[in-house]
Amino acid sequence: MNHTRDHGGGLDAAIAQYGGTRTGWLDLSTGINPVSYPSPSLPPDAWTALPDKAAFTRLYGLARRFWQVPEGADIIAASGASAIIAALPYVFPKGDVCIPGPTYNEHGAAFQAAGWRLGQAPGDVMVAVHPNNPDGRLWSKTELTAKSIIIDESFGDVAPDASLMRLADRPGTVILKSFGKFWGLAGLRLGFAIGDPAIIGQLRDLLGPWQVSGPALHIGAEALADPTWADETRTRLQKDALRLDTLLISKGAEPLGGTTLFRLYRVQNARAAQDQLARHHVWSRVFPYADDWLRLGLPPTDRWAQLQDAL
């Protein structure tokens, strides 16, 4: 099984094919919150000094409180969840990995590059993307049967009640969190691994010191200390996801799931739908394994008319 790195994004290629400018395009190909956390002002030494232990300690303390991390679990931050995903195959004894799909393909690509055998049957390690990308599937504790479990909650902050964080102190368990999606700060490059201290310790050795920038440490801490923003954001995302479903259903699309950050639809011909939207400078996500699946993120508050016109 060859896990190619197939993603949303790629707006440069769309512009080259269909014309226009970046600011004129509505990029709905990712699941990034279009109303991002407002960046706080940064202390000057966030840029000029090496990140110090106190900044990491503050970030980790706020992360533990925000995500209700079990006391027995360890935590490490890195420059995006993708940096952790690339490192994870090297902290488990090499064997068989089960990655039920279709799902986010970086996990498969990372394990394959590290020489693991990939399959759908329970293996030595299981990766559960929770909620799953692209269909929003949620996993239950009883389904996670491998000796070691990676639970990718990159989109999990839209539905904190569904989080499996209570499992983070179990041996062999790692839970991933991403700052790019829910907080809309993908360019900040901040992600977390939370779980079995033995695994997190190995990740710490692999990732090395100062694995998060000073600005990311500061902005991440400010955001995690602001649960009111998170609650208000969840309410807005729910409303906007319903609005998107209503709009697409009115055009004949069938909702297949997703999260409140992205919606998955069945359409007659996904490539044709992507082409039609692109002619109006709206970029969407299609999948090589399903020619009738179209995924859309949420438009910014002031750009809904552009999507409606494109449909």
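In this predicted model, helix α3 passes helix α7 in a left-handed crossing. Helix α3 covers residues 53–67 and helix α7 covers residues 214–224, and the two pack at an angle of about 30° with their axes 9 Å apart. That makes α3 roughly parallel to α7, because angles under 35 degrees count that way.

Who does the touching? On the α3 side, the contact is made by A55, F56, R58, L59, L62, A63, F66 and W67. From α7 come L217, H218, G220, A221, E222 and L224. Sort these residues by class and you get 10 nonpolar, 2 polar and 2 charged.

Now for the sheets. One of them is an open sheet of 7 strands, in the order β2-β8-β7-β6-β5-β3-β4, with mixed pairing. Strands β2 (74–78) and β4 (117–119) sit at its edges; each has a single partner strand, so one side of each is left without a neighbour in the sheet. On average, neighbouring strands here are turned by 20° against each other, ignoring direction.

Within this sheet, take a look at β7 (residues 173–178) and β8 (residues 191–195): they pair in the antiparallel sense, over 5 bridges. If you want a spot to click on, L176 stands opposite A193 in β8. Helix α6 (residues 197–207) lies across β2, β7 and β8, and runs at about 25° to β2.

Another open sheet has 4 strands, ordered β9-β10-β13-β12, and its pairing is antiparallel. Its edges are β9 (254–258) and β12 (285–287), each with a single partner strand, so one side of each is left without a neighbour in the sheet. Neighbouring strands of this sheet are turned by 30° against each other on average, again with direction ignored.

At the β12 edge, 3 bridges join β12 to strand β13 (residues 290–297), and the two run antiparallel. V286 has L294 in β13 as its bridge partner.

Two helices pack on this 4-strand sheet, α8 and α9. Here is how they sit:

| Helix | Residues | Strands touched | Direction relative to a strand |
|---|---|---|---|
| α8 | 227–250 | β9, β10 (262–266) and β13 | about 20° with β10 |
| α9 | 270–279 | β12 and β13 | about 35° with β13 |

Strand β13 turns up in both rows: α8 touches it, and so does α9.

Methods
Residues numbered from 1 in each chain as written. Predicted model: local features only at pLDDT ≥ 70, side-chain atom pairs only at ≥ 80, totals over all residues. Heavy atoms only, no water. Pairing = 2+ DSSP bridges. Axes fitted to C-alpha atoms, helices over the stretch in contact; angles between N-to-C directions. Contact = heavy atoms within 4.5 Å. Parallel < 35°, antiparallel > 145°, perpendicular 65-115°, else oblique. Left-handed = near helix turned anticlockwise from the far one by under 90°. Nonpolar A, V, L, I, M, F, W, Y, C, P; charged D, E, K, R; others polar.
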